[in-house]
Amino acid sequence: MRTRYIGPVEVSAIGLGGMPMSIEGRPDEARSIATIHAALDAGVTFIDTADAYHLYADDIGHNESLIAKALRTHGGGSDVLVATKGGHLRPGDGSWTVDGSPEHLRRACEASLTRLGVEAIGLYQFHRPDPKVPYADSIGAICDLLDEGKIRMAGISNADQEQIRLANEVLDGRLVSVQNQFSPAFRSSEPELELCHDLGIAFLPWGPLGGSGRAAKLGSRHAPFAQIAEAHGVSPQRVCLAWMSAKSSFVIPIPGCSRPESIQDSAAAAELVLDDAEIALLDAA
Ligand SMILES: NC(=O)c1ccc[n+]([C@@H]2O[C@H](COP(=O)([O-])OP(=O)(O)OC[C@H]3O[C@@H](n4cnc5c(N)ncnc54)[C@H](OP(=O)(O)O)[C@@H]3O)[C@@H](O)[C@H]2O)c1
């Protein structure tokens with residue numbers, strides 16, 4: 001598996017997104033554990049999760065617990081960087097809410113530490129700006145967690161260029177990652193991707209295949225992806241991940257998966273190299 005960097009940490013060039021294993025339509029635990037184990041067996045050393053990846057009000061952190069269990073039962077998971085997030089909540093009625101207050105972020109981080117069973121979280125990301133809380137105050141809380149050693153690295157998510165610059169400033173230049181939506185159908189985060197490249201910060205595209213439940217339609221909606229996939233004898237999803245990975249050496253897609261076959265196929269995108277003409281065609285698609 002080719003590798004890339006998040007801060008000083010070398011990780012697989014394709015990560016695993018844990019969300020589909022814990023929200024609406026989630027599979028049973030055995031299939032989820034098999035999916036995470038398949039990722040590890042394929043050489044994936046970066047897993048994205050969040051305390052908010054759960055379904056019911058009383059199963060907060062479902063995905064974190066699942067990942068911790070899968071790593072414990074695999075044996076080879078000690079080199080894996082687990083990235084979690086705080087600041088999003090799911091009250092249990094299907095909605096997503098936010099709380100970016102420093103008090104909440106501290107409590108959320110402590111609970112994630114317990115669920116993940118670690119002394120320090122590898123990468124902790126502020127999930128989504130909270131309009132009720134000044135952005136610098138939320139990031140200040142993440143900065144405190146970093147200074148106290150509760151988290152090893154700090155990231156942000158769903159941030160615009162101004163917020164990226166502000167977060168990096170509040171963190172004294174220690175911002176290591178930005179996780180924004182980016183896919184063939186959703187390209188408006190391209191300026192943030194470019195800014196991350198210029199700053200040497202990892203850019204983690206979320207929903208890279210169009211989002212959970214919609215990824216299977218990628219080929220039909222974007223014919224050039226299917227066309228190039230056919231020429232290489234691979235899936236359109238693999239072409240999609242290779243295409244966005246070619247945009248910058250700081251891009252590390254995190255395709256969400258709930259089946260072993262999905263992550264096996266997606267992980268192989270790390271080895272797929274597209275030529276300039278193919279990339280130009282996909283850029284224009
Ligand atoms: N920061 C944020 O606000 C935010 C928001 C949303 C998501 N995320 C993160 O980003 C990750 C990815 O986003 P996402 O899960 O919403 O969407 P996605 O990665 O675009 O799509 C996920 C779906 O793609 C399917 N898939 C994966 N690899 C495939 C392949 N090679 N061939 C065919 N289908 C494939 C999976 O199917 P199966 O389920 O059948 O395996 C899964 O349901 C999430 O898991 C989560 O970690 C972050």
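This is a short talk on a ligand and its surroundings, plus one aspartate, in a predicted model.

Okay, hi everyone. Keep in mind that what you're looking at is a prediction. Let's start with the ligand.

There are 30 residues around the ligand, and the ones that come nearest are D48, L209, S258, R259 and S262. So what kinds of residues make up that shell? They split into 15 polar, 10 nonpolar and five charged. If you look for the piece of secondary structure giving the largest share, go to helix α10, residues 260-267, which puts in three residues.

Now the polar contacts. R259 uses its side chain: an N or O atom there sits 2.7 Å from an oxygen atom of the ligand. With G256 the backbone does the job, with an N or O atom 2.8 Å from a ligand oxygen. G17 also brings a polar backbone atom, this time 3.5 Å from an oxygen of the ligand. And how much of the ligand does the protein cover? On its own the ligand has 900 Å² of accessible area, and the protein covers 90% of that.

Okay, on to D160. You'll find D160 in the loop that runs between β9 (154-157) and α5 (161-170). Is D160 buried or exposed? Somewhere in between: its relative accessible area is 34%, so D160 counts as partly exposed. A polar atom of the D160 side chain lies 3.2 Å from the backbone nitrogen of E162. And if you want to place D160 against F126, those two are 34 residues apart along the chain, with 13 Å between their C-alpha atoms.

That's it from me, thanks.

Terms used:
Residues numbered from 1 in each chain as written. Predicted model: local features only at pLDDT ≥ 70, side-chain atom pairs only at ≥ 80, totals over all residues. Heavy atoms only, no water. Near = heavy atom within 4 Å. Polar contact = N/O pair within 3.5 Å; in protein donor to acceptor, adjacent residues only side chain to side chain. Areas by Shrake-Rupley, 256 points an atom, 1.4 Å probe, with all protein chains shown as cover. Helix = DSSP H or I, 4+ residues; strand = E, 2+ residues; numbered from the N terminus. Nonpolar A, V, L, I, M, F, W, Y, C, P; charged D, E, K, R; others polar. Buried < 20%, exposed > 50% of the residue type's maximum accessible area, 1.4 Å probe, protein only.
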